[in-house]
Amino acid sequence: MSDTQSSGAQPPTAVFGPVTGDVYERQMGRWSRDLAEQILDFVDIDLGGGAALDVGCGTGRLSFAVAQRNPAASVTGCDISEALLAHAAAVNPYPDRVGFEPGNACALPFPDNSFDLVIASLVLMFVPDGTLAAREMARVANPGGTVAAATWDFRGGTMTVRMLTDTVVALGVPGAEAWRARLMGGPGVRPGELAALWRGAGLRDVREGQITIRMDFANFLDYWEPTINGPVLPALLSGLAPEWHERVRGAVESAFLAGDADGPRSFASTAWVVAGSR
Ligand SMILES: C[S@@+](CC[C@H](N)C(=O)[O-])C[C@H]1O[C@@H](n2cnc3c(N)ncnc32)[C@H](O)[C@@H]1O
């Protein structure tokens, strides 16, 4: 089966587990901030005094980037994580026109035709039903509005994720193959999938592309601590004997160092990006 085909019945999607805002910022927020700027370059929209919705806003990095580029626009960020919403609200530099509230991508708590831009960064791969989420994003967009999203190319474009997932599978960690399959099988992860979701949601003038950023780490601990405490790896390791934790750490450290002394490392990460008009 080619990488662009799905097997029909989707495997369960990886769950974005509980994480504090501080840990998320170290695990992904420091990179999604760079990604946000490039997503907005791709989307290329002048909101004027319009309204934007950031679906799965996390700690709010994309919401803030939209607000900074569009000084007269209002931005709503929604997410299912209370901890991340609280972090976003606490660091919000634009409290007069950026707000955060609970909201599930698969059942957005907003009326039809509400926003000029509806956007989701690194979210769809964690939702249980990508088709429904794409339809929901299209539904709350105004006619003529823009709907956009980015997902990590976990399968072929993210070095840090491949390094981790392939190492635990090769080690024979119990449950690792299913865990990796769930992560790599989420909506929008395969090539062309985001554009297919967008067309399926009735969006027009669908454009797709890819964005590559670098993830720069000071040393192995700078990578490992946010990873072991982050939203994805604990689902695999919790409940396993401590020896497994030690073996996983040792093998991932070896892959990270790749034979050199500990110190700075830089890894490429590519995201798929899509935009369309309602
Ligand atoms: C990798 S983070 C991305 C956060 C933020 N968009 C960014 O770019 O930094 C994934 C986010 O999706 C949120 N999320 C997962 N499932 C969701 C759902 N069904 N509805 C809304 N948000 C969801 C998580 O709580 C988390 O904040």
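Accessible area is computed here by the Shrake-Rupley method, with a 1.4 Å probe. By that reckoning, the chain in this predicted model exposes about 11800 Å². Carbon and sulfur atoms supply 52% of that exposed area.

Now take the chain as a whole. Its secondary structure comes to 10 helices and 7 strands. Along the principal axes, the C-alpha trace spans about 55 × 45 × 30 Å. The radius of gyration is 19 Å, and a compact globule of 278 residues would have a value near 19 Å, so the two agree. Contacts tell us about the fold too. Among contacts with a separation of 6 or more, 79% join residues 24 or more positions apart. Charge can be summed up briefly. The chain has 21 positive and 31 negative charges, and their mean positions are 4 Å apart.

Next, look inside. Buried residues make up 55% of the 278 residues. In soluble globular proteins, nonpolar side chains tend to be buried together. The largest nonpolar core in this chain has 68 residues. Within that core, Trp152, Val173 and Tyr223 touch the most other members. Helix α1 (residues 21-43) gives the core its largest share, 9 residues. Apart from this core lies another, of 31 residues. Leu53, Ala201, Val206 and Trp272 are among the members of that other core.

Zoom in on Val173. Not counting residues up to four places away in sequence, Val173 touches Val168, Leu236, Leu237, Leu240, Trp244 and Val248.

Phe115 is a good next stop. Phe115 is found in strand β4 (residues 115-121). Is Phe115 buried or exposed? Its relative accessible area is 6%, and buried means under 20%, so Phe115 is buried. What is Phe115 in contact with, leaving aside its neighbours within four places in sequence? The partners are Ala51, Ala52, Leu53, Thr76, Phe110, Val140, Ala141 and Asn142. Leu183 gives a sense of distance. Phe115 and Leu183 are 68 residues apart in sequence, and their C-alpha atoms are 30 Å apart in space.

Finish at helix α7, which covers residues 193-200. The buried residues of α7 are Glu193, Leu194, Ala195, Leu197 and Trp198. What do these buried residues pack against? They pack against helix α4 (130-140) and three strands: β5 (141-152), β6 (204-217) and β7 (265-277). Just after α7 comes Gly202, with a positive phi of about 85 degrees.

Note on methods:
Residues are numbered from 1 along each chain as its sequence is written. This is a predicted model: local features need pLDDT of at least 70, side-chain atom pairs count only at pLDDT 80 or more; totals for chains, interfaces and linings use all residues. Side-chain values use heavy atoms; hydrogens and water are left out. A nonpolar core is a set of buried Ala, Val, Leu, Ile, Met, Phe, Trp, Tyr and Cys residues joined through side-chain atoms within 4.5 Å. Buried means under 20% relative accessible area, exposed over 50%, partly exposed in between (1.4 Å probe, protein chains only). Helices (H or I, at least four residues) and strands (E, at least two) are DSSP runs, numbered from the N terminus. Contact means heavy atoms within 4.5 Å. The radius of gyration is taken over C-alpha atoms; the globule rule is 2.2 Å times the number of residues to the power 0.38. Lys and Arg count as positive and Asp and Glu as negative; His and the chain ends are not counted. The place of a charge is taken as NZ of Lys, CZ of Arg, CG of Asp or CD of Glu.
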